[in-house]
There are 2 protein chains.
Amino acid sequence: MKLLYEDDVEKIALGAAVLGSGGGGDPHLGKLMAIQAIKEHGPVRLITADELAADDLVFPSAAMGAPVVMLEKIPNGSEPKRAIQALESYLGKKATAIISIEAGGINSCIPIYTAACLGLPLVDGDGMGRAFPELTMMSFGIGGLPASPMVVCDEKGNLVIINAINNQWAETLARAVTVASGLFTQIGIYVMSGDDVKHFAIKNTISLAAKIGAYLIHESGNPVNGLINLVGGYILFEGKITAVRRDLTTGFIRGTVRLEGLDSYEEHVLSIDFQNENLIARLDDNPIAMVPDLITVLDRERGVPILTEGLKYGQRTVVIGIPCDPFWRTEGALKYVNPHYFKYDLEYTAIEEIMKGIS
Amino acid sequence: MKLLYEDDVEKIALGAAVLGSGGGGDPHLGKLMAIQAIKEHGPVRLITADELAADDLVFPSAAMGAPVVMLEKIPNGSEPKRAIQALESYLGKKATAIISIEAGGINSCIPIYTAACLGLPLVDGDGMGRAFPELTMMSFGIGGLPASPMVVCDEKGNLVIINAINNQWAETLARAVTVASGLFTQIGIYVMSGDDVKHFAIKNTISLAAKIGAYLIHESGNPVNGLINLVGGYILFEGKITAVRRDLTTGFIRGTVRLEGLDSYEEHVLSIDFQNENLIARLDDNPIAMVPDLITVLDRERGVPILTEGLKYGQRTVVIGIPCDPFWRTEGALKYVNPHYFKYDLEYTAIEEIMKGIS
């Protein structure tokens, strides 16, 4: 067990944004919420999956929707807790620990906030090891756990309990509720036992995020090469953003960003398609990294990640690629998150393979 | 108390379709369900609001969405019962009676089905005295009762419990769930006490529907004039349908029907705008009946009502108008259902007033 203090929240938020592959949402407000909750309730105990008892009851706590909306439609602070408590009351059982559904900005902070408010430990792990846009794309569900019953809360006080026949329907119905209530909600979902977490969670992602965040905060020079070493990734491109196209109407941020090369990448163009998260990076129209591998856009000077909602014309960036957790390359998992699932006519090729061909 | 048998279902369905103002859905499948349930479980006790005890617990049972979809997306039969039972279990209380939310085809039959399946009495009354397209347009809610907690079930087995902050949000969230799950669901909503029913329900609409239905079934000649006498209505037009425009994408059936006059109406045109129910009838572009008064299109030969989803090119029809229940003309109620609410720049004028001006 380790204790998470205010400065750990900063590190985790920053590191999770690198792992978030452009998604997971701007952590700013979530970070403030988590820091405030730790100030009020004391540090959060971070425990490993191994420390859980078989019959522990672990509740994932998360935000759903287009996180960019949160910047204007501010949570009232009670939603994450209400979502968990409504699930507890519906199930007639109490949560004994909280876990993240994904490694991504806001959804790395919200579980810290919820754990602090409820006085519960946070499990070091999550359901993705990165961020993904849909509730079906979690190791918990792919492993066979039901997403239902799940709870969706909004900042106005509306509360919806969903008992879906399968996880795809949980996603469809929760997405409809999220869009109707203004594109951003807080959820409770995939309630599981300590043993379930041991079997199905992707482990130690909170401490990995903290390590990445600490490196970026403390490194004084250009941190990109060091970061690449830390995460075992690749530099894909250096360039300036010359166009961004976004559409929010489906409850996701969908779009494309176009970058023109700088220095050794001059005369080259990189485009990245995203749906909350970066999905496919193409160098001069040739795919060089694709989902489920991680594609993250960093500020060229400071190495801090730029999320898909923060992409703007003129930003000078380094784009990196990171191999995904091996779980996603298993046959059972890959079908839920490969380029075909996102409607691309592309066979998944691991980033290590593509890079071998290029160098 | 009166007992409802199979043949009463036929009468109620037919009469409620007249009161349904074009909405409430094709009763055919609901009728079959109710008749089958009475065969299996015995007749349903129809009780007046006066027969309820103050602490009776009355559950409205209804279908939501675009009823035309039900003709292809057939209920599995368990949804209405499941909706009530999920509400009972959520509230930790048992229903002692069932009531209709509206007088309209399917939503007059579903409550009979539910009451028969659960062995509960049906209250003679409803929340509209006609049909309306939205959950906020009920005497229960306008009187001050909360729609929440409400339950939405679909034929696949998905079940959603909505706890909304107000009735407009209950409508918005339930509509979103209904659209996402394929445009047709079964709901439980506005759970109320026996006293609430006495205060807020529109009374005796089931027996009125049965009376209208019996008249239409037994009358051998042209029944329109007799029907007009029975309901205190007016003949607005006789004509042939020459165009129908419909749109289903919002979870309602919205559209317009155009009729060209026959006999004494020759050279005249009637158009009717609808949103599930008929809203505004215009004779040569002049409004002659408007919501909340009832506008019903009848088959010219047989006097049977044609619902908005059944309107077809070439049908020869009589269009009648019926004054709405006096409740809808009170200031507190009219604002929820007057033409302005449906985005028409029209001041509500009672059909009796308009008819005085014409004759």
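These legends walk through several close-up views of a predicted model.

**View 1. How chain A and chain B are related.** Two copies of a chain are related by a rotation about an axis and a shift along it. Here, a turn of 180° with a shift of 0.0 Å along the axis lays chain A on chain B, and the RMSD comes out at 0.0 Å. That is why we can speak of a two-fold axis. To find the axis from chain A, look for A:Ile161: its C-alpha is the nearest one in that chain, 2.4 Å away.

**View 2. Where the two chains touch.** Let's zoom in on the contact between the copies. On the chain A side there are 18 residues in contact with 18 residues of chain B. Two elements of chain A give two or more residues each to this side: strand S8 (159-163) and helix H6 (167-180). H6(A) supplies the largest share, with seven residues. Sorted by class, the chain A side holds twelve nonpolar residues, five polar ones and one charged one. And 100% of the interface residues of chain A are interface residues in chain B too, so the copies meet through the same surface.

**View 3. A strand pairing that crosses between chains.** Now for strand S8, seen in both copies. S8(A) pairs with strand S8 of chain B, residues 159-163, in the antiparallel sense, and five bridges link them. Which residue of S8(B) is the bridge partner of A:Leu159? That would be B:Asn163.

**View 4. Strand S9 of chain B and its covered faces.** This one stays within chain B. Strand S9 takes in residues 184-188 and is mostly covered, with five of its five residues buried. B:Phe184, B:Gln186 and B:Gly188 point one way from the strand, while B:Thr185 and B:Ile187 point the other way. Whichever way they point, all of these residues are buried.

**View 5. The partners of S9(B).** What does S9(B) pair with? One partner is strand S3 of chain B, residues 57-65, which runs antiparallel to S9(B) and is joined to it by five bridges. In this pairing you can spot B:Met64 standing opposite B:Thr185. Strand S7 of chain B, residues 150-153, is another antiparallel partner, joined to S9(B) by three bridges. Look here for B:Val152, which stands opposite B:Ile187. Both B:Thr185 and B:Ile187 point the other way from B:Phe184, B:Gln186 and B:Gly188.

Definitions and conventions:
Residues are numbered from 1 along each chain as its sequence is written. Chains are lettered from A and ligands numbered from 1 in the order in which they are written. This is a predicted model: local features need pLDDT of at least 70, side-chain atom pairs count only at pLDDT 80 or more; totals for chains, interfaces and linings use all residues. Copies are superposed by least squares on the C-alpha atoms of residues with pLDDT of at least 70 in both. Two residues are in contact if their C-beta atoms, placed from the backbone, lie within 7 Å. Helices (H or I, at least four residues) and strands (E, at least two) are DSSP runs, numbered from the N terminus. Ala, Val, Leu, Ile, Met, Phe, Trp, Tyr, Cys and Pro count as nonpolar, Asp, Glu, Lys and Arg as charged, and the others, Gly among them, as polar. Two strands pair if DSSP finds at least two bridges between them. A residue is buried if 20 or more other C-beta atoms lie within 10 Å of its own, exposed if 12 or fewer, and partly exposed in between; C-beta atoms are placed from the backbone.
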